[in-house]
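Biologist: I should like to understand how the terms applied to this structure are justified. Could we take them in turn?

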Amino acid sequence: MSDHKPPVPASVPLGGGSISRAQDHAFLHRLIRTLDTAHPAPDRLAASLLARFGSAGMALSAHVGGLDEVAGREALVPPLLAVAREAALRLYRGRVRRTDVLAGRKGLEAYLQACMGHEVVEQFRVLFLDGACHLLADDLMGTGTVNHSPVYPREIMRRALQLGAEKLVLAHNHPAGRPEPSGADIEMTMRIAQIGKMMGVVVHDHIIVGNGRTHSFRAMGLIA
């Protein structure tokens, strides 16, 4: 039986405030209807995506492979959602370049979740900021295996000096799910911070993402 219905109007906040599950469902329903006008069950697929990924944001940040498992490999929706995700990330990057990146930690964490929350291998990113905390560059500095990504502090500092960056936000994902830092994570972060201090570059935070959750070294008191 098809549950093909007319689009349901929904007001989806673009920034600030909380978004309810009903709003997420309405948004995904409208998006599916827009991307694939002939889809036979957009309401059911929206519910399945929420059940699998937890929110519309996490569904949009998911890998095509994960979306295929929910929608089916022959469906048009997964690759089109990937395009929508990339468009959203580009819009977000454009916005953060004009604002204080550190003013809203929740927004920063949501951006990092979208970038690499569902990556199947570990990635290490660095956000390079100027003195006013505006984004100069968001660079992928290393990729690796499911539980390791090589990090080269001197390359990070060379890039910081090239950009004239004064502050850094380090970020990496834990594909296995748990975002708690390992001893190696802490040791590596302290090493980068020490080298940065000698060069006048401040490591403001290190954020780990995994399984829809985040851990901030600054919030944990590991970075002053």
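**Reasons behind the terms**

Modeller: In this predicted model, E155 is partly exposed, having a relative accessible area of 41%; that value lies between the limits of 20% and 50%, hence the term.

Biologist: What makes the pair of R158 and E155 a salt bridge?

Modeller: The closest N and O atoms of R158 and E155 are 2.4 Å apart, and the rule asks for a side-chain nitrogen of Lys or Arg within 4 Å of a carboxyl oxygen of Asp or Glu. The pair therefore qualifies as a salt bridge. Both residues belong to helix α7, three residues apart, about one turn of the helix.

Biologist: Why is D139 called buried?

Modeller: Its relative accessible area is 16%, and buried means under 20%; D139 is therefore buried. The side chain of D139 meets that of R159 in a salt bridge of 2.6 Å, N to O. R159 lies in helix α7 and D139 in strand β2, 20 residues apart.

Biologist: Why is α1 called oblique to α2?

Modeller: The axes of helix α1 (residues 21-35) and helix α2 (residues 42-53) cross at roughly 130 degrees. Angles over 145 count as roughly antiparallel and 65 to 115 as roughly perpendicular; 130 degrees fits neither range, so α1 is oblique to α2. The crossing is right-handed. Among the residues making the contact are L28 and I32 of α1 and L45 and L49 of α2.

Definitions and conventions: Residues numbered from 1 in each chain as written. Predicted model: local features only at pLDDT ≥ 70, side-chain atom pairs only at ≥ 80, totals over all residues. Heavy atoms only, no water. Axes fitted to C-alpha atoms, helices over the stretch in contact; angles between N-to-C directions. Helix = DSSP H or I, 4+ residues; strand = E, 2+ residues; numbered from the N terminus. Parallel < 35°, antiparallel > 145°, perpendicular 65-115°, else oblique. Left-handed = near helix turned anticlockwise from the far one by under 90°. Contact = heavy atoms within 4.5 Å. Buried < 20%, exposed > 50% of the residue type's maximum accessible area, 1.4 Å probe, protein only.
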